[in-house]
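Let us read a structure together, one feature at a time. Each turn pairs a general idea with a case you can look up on screen.

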Amino acid sequence: MIDIYDIEGNVLMRAEITSSAKREEELSKSDYISLSWNSTEKVVLPVGAYINHTYKIDKVREVTRRFLLLEEYEPTQTDEMSWKYTPEFQHPKMVLSKVPFYIRTRNSQNEEVKQHIWSFVGTMATIADKLKDFLNHEIAIGNAGWTVHYDETNSNTINVSFNDNDFISALSAIANA
């Protein structure tokens, strides 16, 4: 059994772990735990509901993370007395697929604004610093403080445009540039 918690840390329900439960991870595309079970009770799982999952990050170290719902989940009714659940609990990094990527700039009235549509021409080291600043100052993801260690041997200029991209899509655009 696994406990499913609300954003306050209260147990919403307990789910049976079946053979169809899986962890799927694809670089920059997905990282989630899918559970599947039936219940006689209908519970709509709110945004932010989570499970705790402990896994190995190498041969020795383990880490426990909250995998959470990024959207509300409503089970499917299979008959008058039962509900089918198949929610996908996302790794915390997948929040970045929902967070818009922007830079802070000034408008014509000299007011600071968040600019979601913009172009960049410069080095990878410069855009990497913008990404680091965004993670550390705009969304404050993690608690370690993101740093950039970039190989300066590549000083090629890149040209990339952002048009209301989420953070993950922005990373893909930079990699493609």
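What follows is a dialogue between a learner and a teacher.

Q: Before we begin, what kind of model is this?
A: This is a predicted model, where local features need pLDDT of at least 70 and side-chain atom pairs count only at pLDDT 80 or more, while totals for chains, interfaces and linings use all residues. Residues are numbered from 1 along each chain as its sequence is written, and side-chain values use heavy atoms, with hydrogens and water left out.

Q: How many helices and strands does the protein chain have?
A: Helices (H or I, at least four residues) and strands (E, at least two) are DSSP runs, numbered from the N terminus. Here they come to two helices and 14 strands.

Q: What does the overall shape look like in numbers?
A: The C-alpha atoms fill a box of roughly 60 × 45 × 30 Å along the principal axes. Another guide is the radius of gyration, taken over C-alpha atoms and set against a globule rule of 2.2 Å times the number of residues to the power 0.38. The protein chain has 20 Å, whereas a compact globule of 177 residues would have a value near 16 Å.

Q: What share of the residues counts as buried?
A: Buried means under 20% relative accessible area, exposed over 50%, and partly exposed in between (1.4 Å probe, protein chains only). Of the 177 residues, 33% count as buried.

Q: How do I read a strand pairing, say strand 1 with strand 2?
A: Two strands pair if DSSP finds at least two bridges between them. Strand 1 (residues 2–5) and strand 2 (residues 11–15) have four bridges and pair in the antiparallel sense. Look at tyrosine 5, whose bridge partner in strand 2 is valine 11. The hairpin has five residues between the strands, and in this hairpin glycine 9 takes a positive phi near 90 degrees.

Q: In what order do strands 5, 8 and 9 lie in their sheet?
A: The order is 5-9-8 in an open sheet of three strands with antiparallel pairing. Strand 5 (37–39) and strand 8 (76–79) are at the edges with a single partner strand each, so one side of each lacks a neighbour in the sheet. On average, neighbouring strands of this sheet are turned by 35 degrees against each other, direction ignored; for such angles, axes are lines fitted to C-alpha atoms, for helices over the stretch in contact, and angles run from 0 to 180 degrees between N-to-C directions. Three bridges join strand 5 to strand 9 (residues 82–85), and serine 39 stands opposite tryptophan 83 in strand 9.

Q: Which side chains of strand 14 are buried?
A: In a regular strand the side chains alternate between the two faces of the sheet. Strand 14 (residues 157–163) shows this: Ile158, Val160 and Phe162 point to one face and are buried, while Thr157, Asn159, Ser161 and Asn163 point to the other and are not. Strand 14 runs antiparallel to strand 13 (residues 117–123), joined by seven bridges. In that pairing, threonine 123 stands opposite threonine 157.

Q: What covers the buried residues of helix 2?
A: Contact means heavy atoms within 4.5 Å. The buried residues of helix 2 (residues 167–176) are Phe167, Ile168, Ala170, Ala173 and Ile174, and their cover includes helix 1 (124–138) and strand 14. At the start of helix 2, a side-chain oxygen of aspartate 166 comes to within 3.0 Å of the backbone nitrogen of isoleucine 168.

Q: How many salt bridges are there?
A: A salt bridge is a side-chain nitrogen of Lys or Arg within 4 Å of a carboxyl oxygen of Asp or Glu. The structure holds 12. One of them joins lysine 93 and aspartate 31 (3.0 Å, N to O). Lysine 93 lies in the loop between strand 10 (88–90) and strand 11 (103–106) and aspartate 31 in strand 4 (residues 30–34), so the pair ties together parts 62 residues apart in sequence.

Q: Are lysine 93 and aspartate 31 buried or partly exposed?
A: Lysine 93 is partly exposed, at 31% relative accessible area, whereas aspartate 31 is buried, at 1%.

Q: Which residue forms a salt bridge with glutamate 74?
A: Lysine 42 does, with the closest N and O atoms 2.7 Å apart. Glutamate 74 is in the loop between strand 7 (62–68) and strand 8, and lysine 42 in the loop between strand 5 and strand 6 (50–56), 32 residues apart.

Conventions
A polar contact is a pair of N or O atoms within 3.5 Å; within protein, one must be able to donate a hydrogen and the other to accept it, and residues adjacent in sequence count only if both atoms are side-chain atoms.
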